Amino acid sequence: MNKKIKLLALFLFTLTMVSFAGCGAKNADELTGKWAYIHDTKTPALVIKANGKAEYNGNSYKYQRDDSHIYLTSEKTDSLTFRYELNGDKILLYIPTDYEYVGDFEPEGLEGYWEDSKDNWSYEFTKDYQFSEDGHFFGTYEVNEKDNSITLTYKDDFDKTIIYYMLNGKTLRVEYPWPMVKMK
C-alpha cells in the first residue's frame, strides 16, 4: 500500500508540474518572438525568447509579464517596465519618457510646457484643454484622473491616442503607445 501512495503522489506531482509548465508556455507563446515598430518592420526592437530572456535596445534582460505589463530585469542595466496591449500579431508598447517642466514656478497639474531635451520632444498643455506635441501636432486633451490617462484628440488625421502619465514635482512621465508588429 505504501508503494501505491508513493506512485500516486509522484503521478500527481508530475501532472501538476506539467500543467504549470503548460500555462507558462501558453503565456510566453503570445509574446515570444521578434517585434518591430510599424515604422521600421525590418529591425527587431524587442525580442522575447521562450527561455524567459529578452532583448531590448541591444541590452539583454530576464523577462516576465502579467496581463498589462512587461518586466525586463538586468544586473548590468536599469530594469524596465512597459505597459502593453496585445492584439493578435500586433502590440501597443507604452514606452515611458520623462519630461521636465520649463518655467519659473512649480507646475499646477499638467498645465505648462514640458520637454525631454534628450530626444527634443515636448508637450504643452493649456488651461483650456489644448495641447501641442513637439510643436508640430496640435489638438485637444481630456484627463482621466482615475487611471492617470490623457486622451489626445489631434487636429490632423491621427487617431485619438491614450497616453498614461505620472507627475512628480517638475517631472512628467509619459507612457506613449508605440505600435509594433511581430516579425516573421
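**Figure 1. Surface and overall make-up of the predicted chain.** The chain exposes about 12,600 Å², of which carbon and sulfur atoms supply 53%. The structure shown is a predicted model. Its secondary structure consists of one helix and 14 strands. Of the 184 residues in the chain, 29% are buried. When contacts between residues at least 6 apart in sequence are considered, 37% of them join residues at least 24 apart.

**Figure 2. Confidence along the chain, with helix 1 and strand 12 as its two extremes.** The chain has a mean pLDDT of 86, and 85% of its residues reach 70 or more. Confidence is lowest in helix 1, which covers residues 2-31 and has a mean of 46. The highest value belongs to strand 12 (residues 149-154), at 98. Over residues 3-27 the pLDDT is below 50. Beyond near neighbours in sequence, the stretch of residues 3-27 has one contact in the model.

**Figure 3. Close-up of D116, a buried residue without a salt bridge.** D116 belongs to strand 8, which spans residues 112-116. The nearest side chain of opposite charge is that of K118, 5.8 Å away. Because a salt bridge requires a side-chain nitrogen of Lys or Arg within 4 Å of a carboxyl oxygen of Asp or Glu, the distance of 5.8 Å to K118 leaves D116 without one. Apart from its neighbours within four places in sequence, D116 is in contact with T97, D98, Y99 and W121.

**Figure 4. Close-up of N57, a residue other than glycine with a positive phi.** The phi value of N57 is near 50°. N57 is placed in the loop that runs between strand 3 (53-56) and strand 4 (59-65). Is this residue, N57, buried or exposed? With a relative accessible area of 56%, N57 is exposed.

**Figure 5. Close-up of N148 in the loop between strand 11 and strand 12.** Strand 11, on one side of this loop, comprises residues 137-144. Strand 12, on the other side, covers residues 149-154 and has the highest confidence in the chain. Phi of N148 is near 50°, a positive value in a residue other than glycine. The relative accessibility of N148 is 33%, so the residue counts as partly exposed.

How values were computed: Residues are numbered from 1 along each chain as its sequence is written. This is a predicted model: local features need pLDDT of at least 70, side-chain atom pairs count only at pLDDT 80 or more; totals for chains, interfaces and linings use all residues. Side-chain values use heavy atoms; hydrogens and water are left out. Helices (H or I, at least four residues) and strands (E, at least two) are DSSP runs, numbered from the N terminus. Buried means under 20% relative accessible area, exposed over 50%, partly exposed in between (1.4 Å probe, protein chains only). Lys and Arg count as positive and Asp and Glu as negative; His and the chain ends are not counted. Contact means heavy atoms within 4.5 Å. pLDDT is the predictor's confidence in each residue, from 0 to 100. Accessible areas come from the Shrake-Rupley method with a 1.4 Å probe; for residues, only the protein chains shown count as cover.
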